[in-house]
Every structure is written in C-alpha cells, then in structure tokens.
Amino acid sequence: MLDFHMNQRCFANMTGYTNILKQADIFYQITENQLEQVAGFCRENTYQLGEVIFVEGTSDDELYVIAQGEVDIQVNPGLVSDEPGHTYLPVTIATLRRGQSFGEIALVDRGLRSASALAAQNSTRLLVMQREKVIEYCQANPQFGFRLMHNLAADLALKMRNADLLIRNQLLNRQNN
C-alpha cells in the first residue's frame, strides 16, 4: 500500500514538473515525452525571501527553473573595483519569474558562478537539474540536446543584451555625474 501511494506521489510530482517545464523558455519546442523524461531527474527546492540559492564565485553545476515566485540575480561590484578596502553592496541585475531559468553558464562551462541568486519572494519553488543528468540526456537524445542548447543560447543572448544595456546605462550615469 505504501509503494502505491509513493508511486502516485512520484507520478503527481512528475506531471507537475512536466507542466512547469512546458512553460520554461529553455524547453520551447521540446516534446511532451522528452519533458516527462527531464521531469524524472528534477528535484524541487523551496526558498524563503532573501534566502541564498547560490553565491557568486562558488562552484556549482545545477540548472534551475522557477516554478513559483521570483529570484534576484545579484553581482558584487567590488570584485572589479580598484578601491581596496571599500565595501560594496550587491547589485540586482535581474529579477527572474516563473518559467525562467538560471544557472545555464555553469551548465555549459562548469565554471564558477558569475552572480549570486537569492529568493525574491517567500515560498519560491525551483526545479533543479544536475548538469551531469542534463548532459547525459542530451547525449542520448541528440534532437533534444540540439533544441535545448539552441534555446539556452537564445536565452543567454537575451540576458547578455539586457546586461549590456544595464552596463551602458551605468556608464552614462557615471559620465553625467
């Protein structure tokens, strides 16, 4: 009886995860069957307002999709400062919402986190995928892998353009002051 209820709960989670993945930009044009397979290796984490998901400069290789709530992406300007001893507050460069993803850069290059991520609302729910599982599935399913990497590239390009605009705005404000 317990196994039946556990299997029912797992199926309900997978169905819920599949529905969340359907709404994620990076899974655009991915088949229902493929989304169900991906849902099978997702886990869910819940964070409260201000809780740290990961910290800039740390090693991590997980990809995140927002199921509920918001996530602030922050950078520490002090990492590129030429003023030793000066304390800088983190700057929020983006607020991400349901269906958006983050952590893609570590998925691609296994490098250190280029920013910090914090929950911007209470009960922020994230689907988390380990790099190893995602890459393994991409290799076993080349059409899926191509589509996912294409979608990741488009998503990262949009984020790069937004970051570029933010930098230009900061530079203009600095010159006008």
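Me: Helices (H or I, at least four residues) and strands (E, at least two) are DSSP runs, numbered from the N terminus. How many of each does the chain have?

Reply: The chain has five helices and eight strands. Along the sequence they follow the pattern α-α-β-β-β-β-β-β-α-β-β-α-α. This is a predicted model, in which local features need pLDDT of at least 70 and side-chain atom pairs pLDDT 80 or more, while totals for chains, interfaces and linings use all residues. Residues are numbered from 1 along each chain as its sequence is written, and side-chain values use heavy atoms, without hydrogens or water.

Me: What share of the chain is buried?

Reply: Of the 177 residues, 36% are buried, meaning under 20% relative accessible area with a 1.4 Å probe, protein chains only.

Me: And which residues of α2 are buried?

Reply: In helix α2, residues 32-39, they are Gln-34, Leu-35, Val-38 and Ala-39. These residues lie on the same side of α2 because they cover an arc of only 140° around the axis, taken from the directions from the helix axis to the C-beta atoms.

Me: Changing topic, which helix gives the most to the lining of the largest pocket?

Reply: That is α5, with twelve residues. A pocket is an open set of points on a 1 Å grid where a 1.4 Å probe fits, with protein on both sides within 12 Å along at least five of seven lines; lining residues have an atom within 4 Å of a point.

Me: Which lining residues are closest to its centre?

Reply: Of the 37 lining residues, Val-75, Ile-93, Ala-115, Ala-163 and Leu-166 are the closest to the centre of the largest pocket. Elements that each supply at least two lining residues include β4 (71-75), β5 (91-96) and α3 (104-109).

Technical notes. Buried < 20%, exposed > 50% of the residue type's maximum accessible area, 1.4 Å probe, protein only.
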